[in-house]
Amino acid sequence: MGALATGWRPGSVLCCVGLGSCIGLALVDQDAGVAGVAHIVMPAGDGDPPAHFAHTAVPVLAGRTVAAGARREDLVAILVGGAQMFTFGSGQQIGARNEQAVREALVQAHIPVVAADTGGQSGRTFRVRIDDRVTASVRTTGQAEKQLSLDQLVKQTGTTSDSGASAVPNRRQTTSEMVN
């Protein structure tokens, strides 16, 4: 938790295990074959460590992914996690707040979201594999692993929730729903 990593070598696998209310964020440059992943724990804080908080994780991960060989203008994002794992009397929805904070930071960074699997009440494991192409998959507790498409933009939030969060603007000015 609160960690980040980048990969560019064929055969590399970047993974976020045990995502509950946390957000697993991947930034990918498909053309360069480079990806970075952060396990974001909270929407905001003092920024130490930077990957722990959405507002600091996004720019730090973008910088490290570019340093690993990605082109800044070709980065796209994948979001996984943000579940409501526990019910608090005060109605806190940490998972939804984490997702919203990450989406806001991506808007500020001009990075479009191309895939998301967020919300619900189950934990997830998120993997990004680097081979001839960068691929991403998610395994929700009690379900089979499924591939996430990196070729389309998402209008809403992910495949398991619809919190009405605004979509990240696309440089190409087109959007479509993610295909399950």
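Start by colouring this predicted model by pLDDT. Select strand β3, residues 23–29: here confidence is highest, at a mean of 95. Then pick strand β9, residues 146–148, where confidence is lowest among the elements of the protein, at a mean of 87. Across the protein the average pLDDT is 80, and 79% of the residues score at least 70.

Next, select residues 153–180. What does pLDDT do over residues 153–180? It stays under 50 throughout that stretch, for which the model nevertheless has 78 contacts beyond four places in sequence. Where pLDDT is low, the predicted coordinates should not be read in detail. You may like to dim this segment before moving on.

**The overall layout**

Switch to a cartoon view and trace the chain. You will pass two helices and nine strands, in the order β-β-β-β-α-β-α-β-β-β-β. Now turn on contacts: among those with a separation of 6 or more, 66% are between residues 24 or more positions apart. With a surface drawn, the protein exposes about 8,400 Å², and carbon and sulfur atoms supply 50% of that area. Of the 180 residues, 49% count as buried.

**Glycine 36, a stop in strand β4**

For one of the buried residues, go to strand β4 (residues 34–40) and select glycine 36. Its relative accessibility is 0%, and because buried means under 20%, glycine 36 counts as buried. Which residues are in contact with glycine 36, leaving aside neighbours within four places in sequence? Show Ala5, Thr6, Leu14, Leu25, Ala26, Leu27, Leu61 and Thr65, and you have the list. Leucine 61 deserves a distance label: its C-alpha atom is 6.4 Å from that of glycine 36, although the two residues are 25 apart along the chain.

**Salt bridges around glutamate 145**

Now for charged side chains. The model has seven salt bridges, and a good place to begin is glutamate 145. Show its side chain together with that of arginine 127: the two meet in a salt bridge, at 3.9 Å from N to O. This pair links distant parts of the chain, with arginine 127 in strand β7 (residues 124–130) and glutamate 145 in the loop between β8 (134–140) and β9, 18 residues apart.

Keep glutamate 145 on screen and add arginine 129. Here too there is a salt bridge, with the closest N and O atoms 3.5 Å apart. Arginine 129 sits in strand β7, 16 residues from glutamate 145 in the loop.

Are these side chains buried, partly exposed or exposed? Arginine 127 is partly exposed, at 26% relative accessibility. Glutamate 145 is partly exposed as well, at 38%, and arginine 129 also falls in that class, at 24%.

**A network at 71, 73 and 74**

For the last stop, select Arg71, Glu73 and Asp74, which salt bridges with shared partners join into one network. Zoom in on aspartate 74 and arginine 71: their side chains meet in a salt bridge, 3.7 Å from N to O. Aspartate 74 has a relative accessibility of 23% and counts as partly exposed. Arginine 71 is partly exposed too, with a relative accessible area of 47%.

Key. Residues are numbered from 1 along each chain as its sequence is written. Side-chain values use heavy atoms; hydrogens and water are left out. Helices (H or I, at least four residues) and strands (E, at least two) are DSSP runs, numbered from the N terminus. Buried means under 20% relative accessible area, exposed over 50%, partly exposed in between (1.4 Å probe, protein chains only). Contact means heavy atoms within 4.5 Å. Accessible areas come from the Shrake-Rupley method with a 1.4 Å probe; for residues, only the protein chains shown count as cover. pLDDT is the predictor's confidence in each residue, from 0 to 100. A salt bridge is a side-chain nitrogen of Lys or Arg within 4 Å of a carboxyl oxygen of Asp or Glu.
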